[in-house]
Amino acid sequence: MKIARRGIRLLRIDLVPLIDIVFQLILFFLVSAAFVPQPGIAVELPAAQTADSAAVPGLTLTADADGGVYLNGEALPLEALAERLAAYDTGSIERSAYPVRIEADRAAASGTVVSLLDALRANGFAAVYLLTIEE
């Protein structure tokens, strides 16, 4: 009489689905982290009751409490701002419709903000947004 011997089956864990899930999670976190706005210059924005939340792409001017002026995160003297704005390329959008955000610290001098607005107007920028926070 013959006795059939059963072979011992080795258990194998399939790692392909696990690797797929890990890569999908990594991709999800990379994509979702790219949309978090990273503040360039730390300013304390003034509060306003009529503040409206709107994401406006375009040019960003920042005035800090110490009188410093930044164009898209790059520090420059206030005297050179008009020259840099004149050389700024807006692409196919005309200057009067190109959006410009002004981030002014609540402790910034009003003269600095007026100088920013004056330089923008002198170079044809008219779509200006002042950034505030809600009260």
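**Close-ups of a predicted model**

**Overview: the whole protein.** The accessible surface of the protein comes to about 10400 Å², and 59% of that belongs to carbon and sulfur atoms. Keep in mind that you're looking at a predicted model. Count the elements and you get three helices and seven strands. Starting at the N terminus, they run α-β-β-β-β-α-β-α-β-β. Of the 135 residues in the protein, 24% are buried. Now take the contacts with a separation of 6 or more: 72% of them are between residues 24 or more positions apart.

**View 1: the five-stranded sheet.** Here five strands come together in an open sheet, and their order is 4-3-2-5-6, with mixed pairing. Strand 4 (74-76) and strand 6 (127-130) sit at the edges, so to speak: each of them pairs on one side only. Neighbouring strands in this sheet are turned by 25° against each other on average, ignoring direction. A quick reminder: strands of a sheet pair through backbone hydrogen bonds, and they do this either parallel or antiparallel.

**View 2: strand 5 next to strand 6.** Zoom in on strand 5 (residues 99-104), which pairs with strand 6 in the parallel sense over four bridges. To find your way around, look for V100, which stands opposite V128 in strand 6.

**View 3: helix 3 lying across the strands.** Helix 3 (residues 110-122) lies across strand 2 (59-63), strand 3 (69-71), strand 5 and strand 6. Helix 3 runs at about 170° to strand 5. You can even check the length of this helix: at 1.5 Å a residue, its 13 residues should span 18 Å, and the end C-alpha atoms are indeed 18 Å apart, which agrees. Just after helix 3 comes G124, with a positive phi of about 90°.

**View 4: the two faces of helix 3.** Which residues of helix 3 are buried? They are T112, V113, L116, A119 and L120. These residues cover an arc of only 125° around the axis, so they end up on the same side of helix 3. Now look at the face turned away from that buried side: there you'll find the exposed residues S110, V114, D118, R121 and A122.

**View 5: what covers the buried side of helix 3.** Back to the buried residues of helix 3: what covers them? The cover includes strand 2, strand 3, strand 5 and strand 6, along with helix 2 (81-87). Strands 2, 3, 5 and 6 may look familiar, as helix 3 lies across them.

Methods
Residues are numbered from 1 along each chain as its sequence is written. This is a predicted model: local features need pLDDT of at least 70, side-chain atom pairs count only at pLDDT 80 or more; totals for chains, interfaces and linings use all residues. Side-chain values use heavy atoms; hydrogens and water are left out. Two strands pair if DSSP finds at least two bridges between them. Helices (H or I, at least four residues) and strands (E, at least two) are DSSP runs, numbered from the N terminus. Axes are lines fitted to C-alpha atoms, for helices over the stretch in contact, and angles run from 0 to 180 degrees between N-to-C directions. Contact means heavy atoms within 4.5 Å. The expected span of a helix is 1.5 Å times one less than its number of residues. Buried means under 20% relative accessible area, exposed over 50%, partly exposed in between (1.4 Å probe, protein chains only). The arc is that of the directions from the helix axis to the C-beta atoms. Accessible areas come from the Shrake-Rupley method with a 1.4 Å probe; for residues, only the protein chains shown count as cover.
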